[in-house]
Each structure stands twice: as C-alpha cells, then as structure tokens.
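I opened this notebook to record, entry by entry, what I looked up in the model and what I found there. The sequence and the coordinates come before the entries.

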Amino acid sequence: MSDPRNPNINNRTTPQYALYQRDNLLKGREGDVPIFNTDPVKLEELAKEKLTQAGWYYASSNAGMSYTHLANRQAFYRHRIIPRMLVDTNTRDTATTIFGHKVAAPIGFAPIGINVIYHPLGELPVAKVAAELNLPYCLSTAGSNSIESVGAANGKGPRFYQLYMPHDDELTLSLLKRAYDSGFTACMFTVDTWQLGWRHDDVATSNYAFYRGVGADLGLTDPVFQRRLKEAGVDPKTQPEVAGQMWIDSVWHGRAWTWDKVEWVMKEWKKISGGKPFAVKGIQSVADAQKCVDLGIDGIVVSNHAGRQVDGAIASLDALEKIVPAVGDKIYIMYDSGVRGAADVFKALALGAKFVFVGRLWVFGLSIMGEHGVRHVMKSLLADFDILMNVGGFQSVGQIRHLAEYEHSDLDDEQAVTYQRTGECISISV
C-alpha cells in the first residue's frame, strides 16, 4: 500500500499523500480505526448527526428544489475517465501553482461563511489546516472571525480574500485593506450573491445566524463598520442581533452591481495591494467569461454557488466545458460546485480548469471533529487524488490539464490527448 520506501518519495516536491491510505489501514493492527469514514454520503450523514438543526439546514440547503445541486452531481456522473496502464507514475507529483504560489495540489478551500455554526472556533482551525497542507485558503466576507485572526491562524499559508461587496464603498475599501494587511494575496469578488437564494428549510425555520446575533465578527471588527454602528446608535454588545442584522444587510443587500462596479473594485484592490490578482467568482456563461477577459480580470471561478443561488441553473461542470474553449488561453480558470472526491477534481481539471475548490467536504469534517476533522477529510482527499494519478496513469497535474488543450487543437499526433465522445459522456484517453 504505497510502499514508504518508494524512491518517488525523495524525487517529488510534495509528500506521498497516498501513504495516508497505508496509515489508516495499519490502524487496525493496532486495535484502532480512522476517526471517521470520509465516503461523502457517510460524511454527510455523520455531520447531520453532529450539527444542530439550524447548522445542518444552513450547511445543506440549496436554492428552490435543489435542481442545480442535482445537475452538478449528474454532470460529474456523465463524465468518464479512461485509465492508462504501464505509465511510470513512480515519478508523479501533485504540485501546481496558483497566482504565483506553488501549492501541494490543485485543490483549495472554498470560501464558506459563518463557520462558527459548525464549530466554536469557526474559520481558525480551517485556516490552520490549509497552511499545514500548503493548500490555498479563501476567507469569506461572511466569516465569523476577524480577518486579522484568520490571517494569523493561516500563518505563511497562501490565502485569498473572497469579497461580498457592501453597498458602502468606504466599508469595501476598509475590508480590502484589512485583507491585504493580513497577508491575503488575491481578491475573489463573488458576483452571484447580492442576496441569498430562496432556500426552503432556512426560510421555514427562520434560520439566519446573523439575525440571531451570531457569526458577524468579521464585520463587527471593522473600524468603518464600527463607526456605522455608532452613527446608528447600535451597541453590538447589548444589541448583538441588531448589529448582526445591520452587518449582513450591508453585505447581502439585494442591490445588484454591474460591470462598472467590477472595474471599480478591481482598480481599488490593485491600488491597495500593489497589483495582486483579482478574480471574479460565480461565472456561468461564455459571455460573462469573455467580459472578464475584456476587462483584464486575472481569473474567474466557474461556479453556481454549489446550487445555492439559482435553482434550475446550468451545471457548473457543463458551464466549464463551454467556457474553456472560448477563453481558456486568455484567463486563469478555476472551478467549484459539487465536488465530492478526487475523481471530480480530476474531471474538472481535464475539462480545462487550472484549479479546483472544495467546500462542503471540509465543512462536514469541521462539523464532525473540528481541526482534526478538517485535516482528516483533506488528507484523505489528497491521498485519493495522489492514488488516482498513480493508478490512472498521470504523472503531473499538467498532464491532466493538457487533456482539454488537446481536445481543442488540430494536432494529429498519436501521442496527443483526445476526448472520445459517446452520447453525453466524455471519456478521457491518451
């Protein structure tokens, strides 16, 4: 089981993550077992047992009838991988780069808000594990810890700040400056959430932590917002529910922004950060992806917010397949929504994404066992990905990404990578 004496261990730039399988299998010899099962279905079931009803509803709810969430999973199911045998995967390496950072794998922590409803320490253990594993961590503007404390917990890890842009420009600039001063090296502006989608379980139970005075610490620690509270005569210590409501109503404010505001916030972030990368998260159409290219935006995240915003929307993976041939050579394309395992990561990369973010997996781990749960889930995902590359015949992340490049080329080379299409299924072959 991934022999620890394999010479590949000394040649690669990242740990032999596949050894985590061996570590867990050896536990039985010691009269022990792993801390919990990371099968996505069982992981979700255990998280449901651990969480309060409110926590579970917020973690699991999707927009409307959950048709977009279902479409995300169906799209992954339709796509197939054709493994190749007798490839020298002893030389494989999971490393890649994103926005100038060399990271352990093309896998990052997607921005998810109000982590305190999943664990008392909120985002802090998540940021800590991300740094430990050298995977990018994204902090949500709806975070339940201060930007500064999350930056400190993440230490020297690569981290990005996900912006929900307030309708108060001074507050936006304050958030961006705090993020930059706290070591966040890219801004990801989410454009699909001016307000929350209609989520039946949350609405039916009045399930909104901010309106109960919980989880607004990122905003309550902002000097501009503190001034706004004072101007409104609101004391966050004695009126936490009013303060929480005022904070989140200034972020998920229902006021739709347009492309001119994207240009403004990109310009301001570049000014504050000295030119650090700026990306737009929530792109689902070719037209919007092309607009991002035209504006000089550094990257996009192809995402439908995991099905939590627009019910009946296109599957994020199907959107990716259309966007990559249109703009893939002009902008850095990232992906999220519906990822449940290493094969999903692989398929998104094979369809042209350069990086993949996961969310609910680590949220479930956090809910089950805090820092240890996040670590177990993400180390298991890394092991799964490392093993998939080994048994599937891929030596590098670049080889996976090249599948999409070859599909859209005119090369007639028996060594080239092509897609073989059968109906709606896409099979990957070398």
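**Entry on the cysteines.** I began with Cys292, whose sulfur has its closest cysteine sulfur in Cys187, at 13 Å, which is too far for a bond. The model I am reading is a predicted one, and every value noted here is computed from it. I then looked up how accessible Cys292 is and found a relative accessible area of 0%, so I entered Cys292 as buried.

I went on to Cys187 and asked which cysteine sulfur is closest to the sulfur of Cys187. The closest one belongs to Cys138, and because the separation is 11 Å, that pair is also too far apart for a bond. With the cut-off for a disulfide set at 2.5 Å between the sulfur atoms, the count I obtained is 0 disulfides. Cys187 has a relative accessibility of 1% and is therefore buried.

**Entry on helix α17 and its partners.** Two packed helices are described by the angle between their axes and the distance between the axes, and I took down both values for each pair.

For helix α4, residues 53–60, and helix α17, residues 360–392, I noted that the axes come within 11 Å and cross at roughly 165 degrees. Angles over 145 degrees count as roughly antiparallel, so α4 is entered as roughly antiparallel to α17. The crossing in which α4 passes α17 is left-handed. When I listed the residues in contact, I found Trp56, Ala59 and Ser60 on the α4 side, and Arg360, Val363 and Phe364 on the α17 side. Sorted by class, the residues of this contact between α4 and α17 are 4 nonpolar, 1 polar and 1 charged.

I next looked at helix α2, residues 19–26, against α17, and here the angle is about 120 degrees, with the axes 8 Å apart. That angle makes α2 oblique to α17. Which residues make the contact between α2 and α17? From α2 I listed Tyr20, Gln21 and Asn24, and from α17 I listed His376, Lys379, Ser380, Ala383 and Ile387. The class count for the contact of α2 with α17 is 3 nonpolar, 4 polar and 1 charged.

**Entry on helices α8 and α11.** I looked up the pair formed by α8, residues 169–181, and α11, residues 223–231, whose axes come within 8 Å and cross at roughly 145 degrees. On the α8 side the contact involves Glu170, Leu171, Ser174 and Arg178, and these meet Pro223, Val224, Phe225, Arg227 and Arg228 in α11. The contact of α8 with α11 divides into 4 nonpolar, 1 polar and 4 charged residues.

**Entry on contacts between residues distant in sequence.** I located Ala313 in the loop between β9 (299–302) and α15 (316–327), and with a relative accessibility of 16% Ala313 counts as buried. I then checked the spacing to His69, which is 244 residues away along the chain, and found the two C-alpha atoms separated by 8.9 Å. Leaving aside residues up to four places away in sequence, Ala313 touches Thr68, Ala71 and Gln284.

His253 I found in the loop between α12 (240–249) and α13 (259–273), and I entered His253 as buried, at a relative accessible area of 13%. With residues up to four places away in sequence again left out, the contacts of His253 are Met165, Pro166, His167 and Trp194.

Ser273 belongs to helix α13, and at 2% relative accessibility Ser273 counts as buried. Its C-alpha atom lies 8.5 Å from that of Ala186, although Ser273 and Ala186 are 87 residues apart in sequence.

**Entry on positive phi.** Most residues other than glycine have a negative phi, and I therefore noted two residues of this model that depart from that sign. Phe99, in the loop between β2 (96–98) and β3 (101–103), has a phi near 50 degrees. Is Phe99 buried or exposed? At 18% relative accessibility Phe99 counts as buried.

Asn134, which lies in the loop between α6 (124–133) and β5 (137–140), has a positive phi of about 55 degrees. I entered Asn134 as partly exposed, with a relative accessibility of 28%.

Terms used
Residues numbered from 1 in each chain as written. Predicted model: local features only at pLDDT ≥ 70, side-chain atom pairs only at ≥ 80, totals over all residues. Heavy atoms only, no water. Axes fitted to C-alpha atoms, helices over the stretch in contact; angles between N-to-C directions. Helix = DSSP H or I, 4+ residues; strand = E, 2+ residues; numbered from the N terminus. Parallel < 35°, antiparallel > 145°, perpendicular 65-115°, else oblique. Left-handed = near helix turned anticlockwise from the far one by under 90°. Contact = heavy atoms within 4.5 Å. Nonpolar A, V, L, I, M, F, W, Y, C, P; charged D, E, K, R; others polar. Buried < 20%, exposed > 50% of the residue type's maximum accessible area, 1.4 Å probe, protein only.
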